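Visitor: Could you walk me through the pockets of this protein, and tell me the reasoning behind each label?
Guide: Gladly, let us look at it together.

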Amino acid sequence: MLISRIVLKNWRNFRAIDVALSDRVFIVGANASGKSNFLDALRFLREIAKPGGGLQSSLSQRGGLSKVRCLSARKDPDVEIEVEISEPATDIVWRYAIGLEQQVRGNRFPILKYEKVWKDGKLILDRPDSADRKDELRLTQTHLEQINSNAEFREVAKFLESIRYLHLVPQLLRSSEIYKSPAVPDDPYGRNFLELVARTPEKTRRSRLKKIEAALRQAVPQMRDLTDTKDEAGIPHLEVLYEHWRPKAGRQQEDQFSDGTLRLIGLFWALLDGDSPLLLEEPELSLNAAIVKRLPALFYQLHRKRSSQVFVTTHSWELLSDKGVGAEEVILLTPSPEGTRAQVASARKEIRALLEAGLSIGEAALPYTVPSSLEQFELFS
């Protein structure tokens, strides 16, 4: 299943956007244009659908409805999210949509203005219903999060629950003893990445580490024998053998790995870990430009083998220098006084003309993400 379209209204940076999505989605824009917030709309739906999550918890983690509402919202302040989900193998198309508003009286809870589900164009859920109107507290929860209410569209709930996000921060992994604060739900920054590896069934774990080692050796030629191990206290570690002038080489654990090596290991593991949509923020960080140039091909190979979808936010010219990346795969975010606009790059005739002239999508589209006043930028004067 793939997310083939997203509609956002009053969600964070976005006053109103409606964009089609491909198997690979590259999201580009200036700083603070909303790239992370675009992904967060999908994370929000995931958190509603997952066990132990739900609408109220997901909004509370974000500071409440007022914190996710677009600053440009005025007379029509309701927050709305809609996704279209396609099953290419069966030609089934789902649509899930929610509208959120603040309770007028009482505890002022955020509540559902509506919740709708369509299957192949047929409306199969339409809230509020008569039971909701009799008891408004029912609107503090979605049917998406309720097993006894989502039987007709449980495929949608399971799919949204399966969305994955990983933005591995090497410092958290390398020096975990320093960061003792409570873990963020779902561990999006990889603090417990080593525990995740250790919990994976042995056969699967060994197979993945072998594949990751083979890929890493292209980037770090002197490295071999990537494996997992545990110390005397039972704490899991990753370990590699680095070949050098000594005949027996030397073994190193993750606290001695470079940032780039750790980020590559996390990226490769995430790409191998399931076939559900994967959300990646700036995967080019800490990586050599030559490696970054090969990432789009890696994402393509993953989709071809698993039919999985990858969402990538990026500022990287190198990543988008791959001539195989089409304009229909790139979402261009443009800030404005009335909220960030979003459009598929192929919708701009100037970009299409540049691609027809032989430029890469990076050369054609990224100049449109540069702030117009940047030439006046000075650090000190």
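What follows is a short talk about two pockets in this predicted model.

Visitor: What makes Tyr-165 and Asp-186 lining residues of the largest pocket?
Guide: A lining residue has an atom within 4 Å of a pocket point. The largest pocket has 32 lining residues, and Tyr-165, Leu-166, Asp-186, Asp-187 and Pro-188 are those nearest its centre, so Tyr-165 and Asp-186 count as lining. The space in this pocket comes to about 640 Å³.

Visitor: Which element gives the most to that lining?
Guide: Helix 1 does, with seven residues. Helix 1 covers 35-49, and at least two lining residues each also come from strand 8 (164-165), helix 7 (193-199), helix 9 (259-272) and strand 12 (278-281).

Visitor: Why is strand 8 called a strand?
Guide: A strand needs at least two residues in a DSSP run of E. Strand 8 spans 164-165, and therefore meets that minimum length.

Visitor: How many residues of each class line the largest pocket?
Guide: The lining has 13 nonpolar, 13 charged and six polar residues.

Visitor: What about the second largest pocket, and why do Lys-211 and Leu-298 fall into opposite classes there, charged and nonpolar?
Guide: Its volume is about 370 Å³. Among its 13 lining residues, Lys-211, Leu-272, Leu-298, Gln-301 and Lys-305 lie nearest the centre. Helix 8 (202-219), helix 9 and helix 11 (295-306) each give two or more residues, and helix 11 has the largest share, six. Lys counts as charged and Leu as nonpolar, so Lys-211 and Leu-298 are classed that way. By class, this lining holds eight nonpolar, four charged and one polar.

Note on methods
Residues numbered from 1 in each chain as written. Predicted model: local features only at pLDDT ≥ 70, side-chain atom pairs only at ≥ 80, totals over all residues. Heavy atoms only, no water. 1 Å grid on protein atoms, 1.4 Å probe; cavity = no way out; pocket = protein on both sides within 12 Å on 5 of 7 lines; lining within 4 Å. Points joined across faces, edges and corners; volume = space filled by probe spheres on them. Helix = DSSP H or I, 4+ residues; strand = E, 2+ residues; numbered from the N terminus.
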